Amino acid sequence: MDAAQLKQLVAQAALAHVPAGAILGVGTGSTVDCFIDALAESGIALAGTVSSSERSTARLRARGYAVLEASAVERLPLYIDGADEIDYDGYMIKGGGAALTREKIVADLAERFVCIADESKLVDVLGAYPLPVEVIPMAAAQVARCFARAYGGRAAVRAGVVTDNGNLILDVEGLRIGDPLGMETEVNQWPGVVTVGIFARHRARVCLLGTAQGVRTMRFD
Ligand code: 5RP
């Protein structure tokens, strides 16, 4: 099976986790695109959705789902999203699609994060994938220097990308993230950082991993 087929597979598997009639948190990316399509085809009725990007909002609306403002919702039973990397504790790197800030906001509203990903995303230690960090534009060079000093990371502004929030993305290479909670906490304190793409405080509780043998369900509770 190729990566596209594995995405379809986990998108289908995620349907079993969707509580009919609920308001659902929806992530961003190519795997989530497959999930939105599968959801629409399944006929599962929802009270609405909260979306983590303009991209997913457009897709959800095109498939007939109501998209609510995050500020209109106090709690969500479930958030479904992909990841760029996930480790054996459910800690993730996210933000490859530049939607990390809204993704973390919606994840924070949710009781449970279910990650859908193909097996290439599973790693022992986070950091081979360049870590996305959303920054206020005037702080980009400063935050890049902080990464070099604190972690030996090499940060570059993602060319041609402005986030849904009007900010820039730094992609940081050369990291080995042995302590995801610690790094998330520290980087969050640096002036100009909007969101770091380490999802440790908002880790996945379940990962539906697409493998050549089928869907592997990993639980991290
Ligand atoms: C977007 C994300 C995505 O979840 C992540 O990039 C995975 O995307 P894909 O499903 O296309 O592999 O964090 O900001």
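Visitor: How does Tyr 151 count by its relative accessible area: buried, exposed or partly exposed?

Guide: This is a predicted model, in which local features need pLDDT of at least 70 and side-chain atom pairs count only at pLDDT 80 or more, while totals for chains, interfaces and linings use all residues. Residues are numbered from 1 along each chain as its sequence is written, and side-chain values use heavy atoms, leaving out hydrogens and water. A residue is buried under 20% relative accessible area, exposed over 50% and partly exposed in between (1.4 Å probe, protein chains only). Since the relative accessible area of Tyr 151 is 26%, this residue counts as partly exposed.

Visitor: What kind of aromatic pair do Tyr 151 and Trp 190 form?

Guide: Rings of Phe, Tyr and Trp (its six-membered ring) pair if their centres lie within 6.5 Å, and planes under 30 degrees apart count as stacked, over 60 as edge-to-face and the rest as tilted. For Tyr 151 and Trp 190 the distance from centre to centre is 6.2 Å and the angle between the planes is 40 degrees, a pair described as tilted.

Visitor: How many residues apart in sequence are the parts that the pair of Tyr 151 and Trp 190 ties together?

Guide: Helices (H or I, at least four residues) and strands (E, at least two) are DSSP runs, numbered from the N terminus. Tyr 151 lies in helix α5, whereas Trp 190 lies in the loop between α6 (180-187) and β11 (193-196), so the parts tied together are apart in sequence by 39 residues.

Visitor: How many aromatic pairs does the structure hold, and at what angle are the planes of Phe 147 and Tyr 151?

Guide: The structure holds four aromatic pairs. In the pair of Phe 147 and Tyr 151 the ring centres are 6.3 Å apart, and the pair is tilted because the planes stand at 45 degrees.

Visitor: Which residue forms one aromatic cluster with Phe 147 and Tyr 151?

Guide: Phe 147 and Tyr 151 are four residues apart in helix α5 (residues 140-151), and therefore separated by about one helical turn. Phe 147 is buried at 0% relative accessibility, and the cluster's further residue is buried at 10%. The residue that forms one aromatic cluster with Phe 147 and Tyr 151 is Trp 190.
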